[in-house]
Structure formats: structure tokens, C-alpha cells
Amino acid sequence: MCQTHQSHVLSVSHAKANFERTTIERRALRPHDILIDIQFSGICHSDIHSAFDDWGGGIFPMVPGHEITGVVAAVGDAVTKFKVGDRVGVGCFVDSCGTCEYCQNDDEQYCTKGVVQTYNNLDYDGEPTYGGYSQKIVVTERFVVSIPDQLSLDVASPLLCAGITTFSPLKHWDVGPGKKVAIVGMGGLGHVAIQFAHALGAEITVLSRSLNKKDEALSFGAKDYFATSDPETFKALAGQYDVILNTVSANINVDAYLSLLRVDGTLVNVGAPAEPDQFHVFSLITGRRSIAGSLVGGIQETQEMLNFAATHSIAPQIEVINANQVDEAYERVLKSDVRYRFVIDISTL
Ligand SMILES: [Zn+2]
Ligand SMILES: [Zn+2]
């Protein structure tokens, strides 16, 4: 148990570099650690922002990937949650302080000490973290979730970020029967958000730039679909929604979207544009409306989300690629040319 674990990875040496095959050492197992043989790793839009260093502060060389699924290969002496052979997943975080108010409340993502991100971050020992474009990863058991039998490991992988990022705010803002919800954006996050909101019992409208993906949105459970490029949309839908979940990471006309909310409605953002948004406070006070944001979800809630997805047959639509196709996949994500999530088959690494 005291030796490190060599792992082939896909890494970028600097911002916007092409991916190359290199090798890293995963740490020797501590008592609560789990060694995972990774089988699939989804490509999240934030992988691209990180690898391109769009947000600054990138730690290179970088191994992205926080939609990880695989099988337990070894466990530390004190592990109780998992055994060798279990099907497991790892999402956006791999550690937190465990003692602050938010960790105690299963909201590790808001840890006051700072949650340790799965890649492009330093762990509490000051070592850089490397993500899922990798054959192996070592993670403390508290940050590992179980993949239900009904979910295949490739389809499950996008749930670890895209899934929980949309499920958590839908639950927090009480989306369910009798609620009208608008989902903005029909990409990796949006197409999963529709499925969760539908399974929770809400009435769903999708707002997307064009009508291109209308039929698919309706098949995922949406009732209506409108193009935001058509100014008539904002007149026709004024004052209708309890919750608008914005999954788009480009700047939006915030006032226009706020006008679609009922009194007490909330515009919840999960996409993060690099530039600030602007709005008139008037848009809030005339309807006691709120603008909010939400970051991924806690570990217990991630497990709840996976179980819910298994029970309700919720499945991200994926395109499985091999390890040589990641640069090309990034270009296609930037052109919105994917329905709806790329997943890397790590056995090709
Ligand atoms: Zn992500
Ligand atoms: Zn904490």
C-alpha cells in the first residue's frame, strides 16, 4: 500500500497547447483513500476554459477532467464505503476541510477553507491536483460516489458535473409539480436539466438561440421551446416563470430574462461568463424577483442525483471518443457541435 501509482494521462503543458500523452504518479494510499481505474471521463466546457487559462491562475502541466467514472482497484486500510470492484464516480471536488459549517451540512462545495478541485488546484499538502483524463486517480472515500447498476459508466460520467450542477439548483429552488421552469441553453447542461426538471414534475420551457434543437428538447420532456433570437419570445412569455435556470456561460440580457419571471421568481445562473452582467434594479423590485447562482452540489446530493437519474431513466446523450480526439473535441464544443457531451474512453489512452 505504500507505493505510488503510475498513471498515463493526457496533459497540456501550457495554455492552449495540444494534448500530449505523459505519465504522472498518483499518491500512495492513505488509510481513507481509494485507487480508481478510470474507464470514462467526460469533457466539460470548464475543462476548456481551464486548459485555455481563460479564467487565469492555471496550473500547468494540467490534466483536466471532473466527470470521472471507473472501478475501485484498491482501498486503504480504513475504507468502509467501498471495496475492490465497485463502480464509482468522482466529480468536481476531491477534498474539503470536513469541519466547517458548510462541510458539516453536506455543502462541501462552499467549504470556508476552500474545497479542493479535482484538477488545476493545490490540495491541502500543496500538491497540484490532476483530473480524469488519466488511467488512475487516488481520492479520499468521502469524495467518491457509487454508480447505480442501472447506469452505464460512460453515460453516467456527465452526471458528475453537468448532472449535479443542474439537479442541485432545481431541488434548492423547489422545482416540482405546479412550477413553471424555463431552461436557458440546450447544451451539455441544458439537455440534462430538462430531464431532471421533467422528472421532478415541473412544466418546462426551453429558451435557446434558434429552434434547431426543438424536437430533441421536447423528447427530453420540455413542453415548449422558443428562440431567444426572436424578440416576440420575450413579449409572449412575460411574467410566466417561477424559476429560470440559465446554463449559458455567455453574457445575457438580464433585464429581458427577469421580465419573464412571475412575482417572487428567481433567475438562477450556473454558467459563468468571464465578463460582468448588467441589469436594472428596477427589474427586481417591480416583481420582488431574485438573481441567484449555484455551484455544482455536495457529495451526498450527488449520490442522491445519481440514484434519482437511475430511478427515472435520466441519461445524458453522449458521443464517446478516443484519447487521440480530445483536441478536435474541444474545437467542436467551442462550435456547439456536439449532442450533447463528449466522453473519453480512457481504455484508449
Ligand atoms: Zn464541469
Ligand atoms: Zn469545510
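**A zinc site and salt bridges**

In this predicted model, the zinc ion (ligand 2) is held by four cysteine sulfurs, namely the SG atoms of Cys 97, Cys 100, Cys 103 and Cys 111, at 2.3 to 2.4 Å. The angles among the four donor atoms run from 104 to 119°, and the site is tetrahedral. Read along the sequence, the donor residues of the zinc ion (ligand 2) follow the spacing C-x2-C-x2-C-x7-C. Two of these donors sit in loops on either side of helix H2 (101-104): Cys 100 belongs to the loop between strand E6 (93-95) and H2, and Cys 111 to the loop between H2 and strand E7 (116-117), so the pair ties together parts that are 11 residues apart in sequence. Cys 100 is buried, because its relative accessibility is 9%, and Cys 111 is likewise buried, at 8%.

Attention now turns to the charged side chains. A search of the whole structure finds 15 salt bridges, and a few of them are described here. One joins the side chains of Asp 37 and Lys 136, with a distance of 3.6 Å from N to O. This pair links distant parts of the chain, since Asp 37 lies in strand E3 (residues 33-42) and Lys 136 in strand E8 (residues 136-140), 99 residues apart. Asp 37 is partly exposed, with a relative accessible area of 32%, and Lys 136 is also partly exposed, at 23% relative accessibility.

A further salt bridge brings together the side chains of Lys 171 and Glu 304, at 3.3 Å from N to O. Here the link between distant parts of the chain runs from helix to helix: Lys 171 is in helix H4 (residues 162-172) and Glu 304 in helix H10 (residues 299-311), 133 residues apart. Lys 171 has a relative accessible area of 33% and is partly exposed; Glu 304, at 35% relative accessibility, is partly exposed too.

What separates Glu 232 and Lys 235 in helix H7? The two residues are three positions apart in H7 (residues 232-236), which means that about one helical turn lies between them. Glu 232 and Lys 235 form a salt bridge, with their closest N and O atoms 3.4 Å apart. Glu 232 is partly exposed, having a relative accessible area of 46%, whereas Lys 235 is exposed, with a value of 59%.

Finally, salt bridges can also involve more than a pair of residues, as in the network that links Lys 180, Glu 203 and Lys 223.

Key. Residues numbered from 1 in each chain as written. Chains lettered and ligands numbered in written order. Predicted model: local features only at pLDDT ≥ 70, side-chain atom pairs only at ≥ 80, totals over all residues. Heavy atoms only, no water. Salt bridge = Lys/Arg side-chain N within 4 Å of Asp/Glu carboxyl O. Helix = DSSP H or I, 4+ residues; strand = E, 2+ residues; numbered from the N terminus. Buried < 20%, exposed > 50% of the residue type's maximum accessible area, 1.4 Å probe, protein only. Donors = N, O, S within 2.8 Å, 3.2 Å for Na, K, Ca; no water. Tetrahedral: all angles 85-135°; square planar, octahedral: opposite > 155°, others 65-115°.
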